Amino acid sequence: VQLQASGGGLVQAGGSLRLSCAASGRTFSRDDMGWFRQAPGKEREFVAAISWEGVRTNYADSVKGRFTISRDNAKNTVYLQMNSLKPEDTAVYYCTAGQPSRVRNGASSYWGQGTQVTVSS
């Protein structure tokens with residue numbers, strides 16, 4: 001089972017990026033999926049999560065109104081559209097999948113390898 005995150009990069013403040021996380025080895029169409037991030041010297045923190053059917057979403061207060069999580073179960077992929085990026089969004093972004101409580105608490109066994117997002121001021 002593998003979660004492959006991609007789409008990170010270097011962007012100026014105010015810019016946008018779209019992260020993708022494609023799953024292989026098993027389907028997560030009945031699992032919640034989410035994104036976490038970890039900045040240098042800080043703990044990994046929750047960013048966003050989406051229910052298996054794509055109806056319910058949750059966001060960290062710091063990204064509400066700027067980030068949008070979505071998923072395509074046919075492609076076994078979750079996305080994170082990031083707009084109005086700020087330097088404080090700089091971090092390695094990780095995707096995760098599993099039971100709702102485990103995803104929300106960062107306790108799932110399934111994690112992607114991370115993709116670096118750097119926002120310059």
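A salt bridge here is a side-chain nitrogen of Lys or Arg within 4 Å of a carboxyl oxygen of Asp or Glu. Lys-64 and Asp-61 fit that description, with their closest N and O atoms 3.2 Å apart. Asp-61 sits out in the open: its relative accessible area is 65%, so it counts as exposed. The model is a predicted one, and a search through the whole of it turns up 6 salt bridges.

Two more of these pairs are worth a look. Arg-56 meets Glu-53 through their side chains, at 3.1 Å from N to O. Both partners fall into the middle class, because Arg-56 has a relative accessibility of 48% and Glu-53 has a relative accessible area of 32%, and partly exposed covers what lies between under 20% and over 50%. The salt bridge of Glu-45 and Arg-37 comes in at 2.6 Å, N to O. Here the two ends differ in class: Glu-45 is partly exposed at 35% relative accessibility, whereas Arg-37 is buried at 6%. This pair isn't on its own, either. Salt bridges with shared partners link Arg-37, Glu-45, Arg-66 and Asp-89 into one network.

Next comes the inside of the protein. In general, nonpolar side chains of soluble globular proteins tend to be buried together. In this model, the largest nonpolar core holds 33 residues, and Trp-35, Leu-80, Met-82 and Tyr-93 have the most contacts inside it. Plenty of strands chip in: E1 (2–6), E3, E4 (32–38), E5 (45–50), E7 (67–72), E8 (77–82), E9 and E11 (115–120) each supply at least two residues of this core. E5 gives the largest share, with 5 residues.

Strand E8 makes a handy reference point. Most of E8 is covered, with 5 of its 6 residues buried. E8 pairs with E3 in the antiparallel sense over 6 bridges, and one of the matched pairs is Arg-18 with Gln-81 in E8. E8 also pairs with E7, again antiparallel and over 6 bridges. Across that pairing, Ser-70 stands opposite Tyr-79, while Phe-67 stands opposite Met-82. The hairpin of E7 and E8 has 4 residues between the strands, and Asn-76 takes a positive phi near 55° there.

Strand E7 has two quite separate sides. In a regular strand, the side chains alternate between the two faces of the sheet. On E7, the covered face carries Phe-67, Ile-69 and Arg-71, and the uncovered face carries Thr-68, Ser-70 and Asp-72. Put with the pairing above, Phe-67 of the covered face is the residue that stands opposite Met-82, and Ser-70 of the uncovered face is the one opposite Tyr-79.

Finally, there's a covalent link. The count comes to 1 disulfide, formed by Cys-21 and Cys-95 with their sulfur atoms 2.0 Å apart. Cys-21 lies in E3 (residues 17–24) and Cys-95 in E9 (residues 91–98), so the bond ties together parts that are 74 residues apart in sequence. The torsion about the S-S bond is about 55°, which means the disulfide is right-handed. How exposed or buried are its two ends? Cys-21 is buried, at 0% relative accessibility, and Cys-95 is buried too, at 0%.

Conventions. Residues are numbered from 1 along each chain as its sequence is written. This is a predicted model: local features need pLDDT of at least 70, side-chain atom pairs count only at pLDDT 80 or more; totals for chains, interfaces and linings use all residues. Side-chain values use heavy atoms; hydrogens and water are left out. A disulfide is a pair of cysteine sulfur atoms within 2.5 Å. Buried means under 20% relative accessible area, exposed over 50%, partly exposed in between (1.4 Å probe, protein chains only). A nonpolar core is a set of buried Ala, Val, Leu, Ile, Met, Phe, Trp, Tyr and Cys residues joined through side-chain atoms within 4.5 Å. Two strands pair if DSSP finds at least two bridges between them.
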